[in-house]
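Here is a short report on a protein chain and its ligand. Please keep the sequence and the model open while reading.

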Amino acid sequence: MTTTVENKATLSFSDGTPSLEMPIYTGTIGPDVIDIRKLYASTGKFTYDPGFMSTAACNSSITYIDGDKGELLYRGYPIEQLAVNCDFLETCYLLLNSELPNAAEKASFVSLVTNHTMVHEQMQFFFRGFRRDAHPMSVLVGTVGALSSFYHDSLDISDPHHREVSAIRLIAKLPTLVAMAYKYSVGQPFVYPRNELSYSANFMNMMFATPCADYKVNEVLVRALDRILILHADHEQNASTSTVRLAGSSGANPFACIAAGIACLWGPAHGGANEAALSMLEEIGSVDNIGEFIKQVKDKNSGVKLMGFGHRVYKNYDPRATLMRETCYEVLEALGLQNDRLFKLAMALEKIALEDEYFVSRKLYPNVDFYSGIVQRALGIPVSLFTGIFALARTVGWIAQWKEMISDPEQKIGRPRQLFVGPTRRDVPPMSRRG
Ligand code: SDX
């Protein structure tokens, strides 16, 4: 890890434990870190940080978020510039290789991904075991994990070539599997990838073409989807990325690690929030009901949250939400849906929430999930597939982080400790003496 060590932290104890000096590392940007690796050996004490609110689990060069400035950088490039000047596969190349591709590098990367978009023909049989109304995320957890059984030629994670091949296979095949999950749910035949189409146009074709009618590619909608994928591609050490890193730290193969990431992303507090935010808007129904809903949110006993609002890191605004709102407007305008009921409701809800002390005092602003559901719904994507699209996009981020972890000389198997508050040692009583 190339960081500078200038400062030190001294930890002193009131219980007579000898004080401990710990190095402080400074990265290129962002908060310094205190290296506590010697803490337990030196003091017999652990740190305590449920949810890792103040814990850096690794060093990374991939993505940086400044929650106060509302800044998101992929390898140093601002998301608002990437979303306008690049497409998703350029962004994938950047996340995987640290630099944006030149024209030749891009052409070669696009060709490589395009020629890996088919899945093994036997993959289709995995779908048949699912109920037609299975949630697509359950199908993706199963089928992505199953991919590892087809690629024994690239599961040696110590081999950089195997890591590279697995990365390409996952980026290329996730759209195919997401589209297959959708087709299976609506009882239509699977549509094979088309090599003449761009990554996002190919996905839309696999989703909406049928044997009876070709899908007419609408470049505005395809560009909108491509931007959604860029905005969701990576995001530092979020819950699902940390899951992928932890699974990878045991040496599990990349397909199994990505399946673990998909499982974690499914949660409504994380990637499931876009589906939950749209359901919330449907439940609110009209602007007149916003006041009553906000009242429920403020009532802690209701358990009701403003889905698509709040973030562990962004305590100002999520730059992705701003870009997503712009994309939302462009798509609805292109479709002649400027008066879309839910979009107007979302904007009214956002305005009211941002003027309400409860949300302002808790620094709760719209996150990427608040508008993404409205855009995806306008693109014809069913609500249940929103998180699957998020997983499709985040696969490149998970893989880039996984590759970085595997090649980090400091990485060890992740094994957190605990503060034990359970019963002390006691003997097993015979059945006759159990209460
Ligand atoms: C993603 O980590 C990432 O980078 C994730 C992500 C990525 O790209 O990988 O950005 C993607 O997951 C975005 C977040 C999507 N989730 C949601 O929109 C679900 C709703 N949001 C919340 O569940 C919540 O805001 C979290 C989970 C996102 C953040 O939770 P934190 O940082 O643990 O904050 P908290 O729960 O401690 O909230 C602080 C206060 C609490 O109130 P008090 O106890 O101080 O009175 O704010 C309240 C919370 O109750 N609060 C909310 C709220 N979010 C927080 N109250 C109402 N509605 C909300 N949405």
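In this predicted model, a polar side-chain atom of His311 sits 2.6 Å from an oxygen atom of the ligand. Two further side chains make contacts of this kind. They are listed with His311 below.

| Residue | Ligand atom | Distance |
|---|---|---|
| His311, polar side-chain atom | oxygen | 2.6 Å |
| Arg394, polar side-chain atom | oxygen | 2.7 Å |
| Asn367, side-chain N or O atom | oxygen | 2.9 Å |

How much of the ligand does the protein bury? Taken alone, the ligand exposes 1000 Å², and the protein buries 76% of that area.

**The ligand shell**

The ligand is surrounded by 24 residues. The closest are His235, Lys300, His311, Arg320 and Arg394. Two of these, His311 and Arg394, appear in the table. By class, the shell holds 9 nonpolar, 7 polar and 8 charged residues.

**The chain as a whole**

The protein chain contains 18 helices and 6 strands. It has 435 residues, and 47% of them count as buried. Its C-alpha atoms fill a box of roughly 75 × 65 × 60 Å along the principal axes. Does the radius of gyration fall near or far from that of a compact globule? For 435 residues, such a globule would have a radius of gyration near 22 Å. The chain has 24 Å, so the two values agree.

**A three-stranded sheet**

Strands 4, 5 and 6 form an open sheet in the order 4-5-6, with antiparallel pairing. The edges are strand 4 and strand 6 (77-78), each of which pairs on one side only. In general, strands of a sheet pair through backbone hydrogen bonds.

Strand 4 covers residues 63-66, and strand 5 covers residues 71-74. The two run antiparallel and are joined by 4 bridges. Which residues of strand 5 are bridge partners of strand 4 residues? Tyr64 has Leu73 as its bridge partner. Asp66 is matched with Glu71.

Strand 4 and strand 5 also form a hairpin, with 4 residues between them. In the turn, Gly70 has a positive phi of about 65 degrees.

Are the side chains of strand 4 buried or exposed? Thr63 and Ile65 point one way, Tyr64 and Asp66 point the other way, and all are buried. Tyr64 and Asp66 thus share a direction, and each has a bridge partner in strand 5: Leu73 for Tyr64 and Glu71 for Asp66.

Technical notes
Residues are numbered from 1 along each chain as its sequence is written. This is a predicted model: local features need pLDDT of at least 70, side-chain atom pairs count only at pLDDT 80 or more; totals for chains, interfaces and linings use all residues. Side-chain values use heavy atoms; hydrogens and water are left out. A residue is near a molecule or strand if one of its heavy atoms lies within 4 Å of it. A polar contact is a pair of N or O atoms within 3.5 Å; within protein, one must be able to donate a hydrogen and the other to accept it, and residues adjacent in sequence count only if both atoms are side-chain atoms. Accessible areas come from the Shrake-Rupley method with a 1.4 Å probe; for residues, only the protein chains shown count as cover. Ala, Val, Leu, Ile, Met, Phe, Trp, Tyr, Cys and Pro count as nonpolar, Asp, Glu, Lys and Arg as charged, and the others, Gly among them, as polar. Buried means under 20% relative accessible area, exposed over 50%, partly exposed in between (1.4 Å probe, protein chains only). Two strands pair if DSSP finds at least two bridges between them. The radius of gyration is taken over C-alpha atoms; the globule rule is 2.2 Å times the number of residues to the power 0.38.
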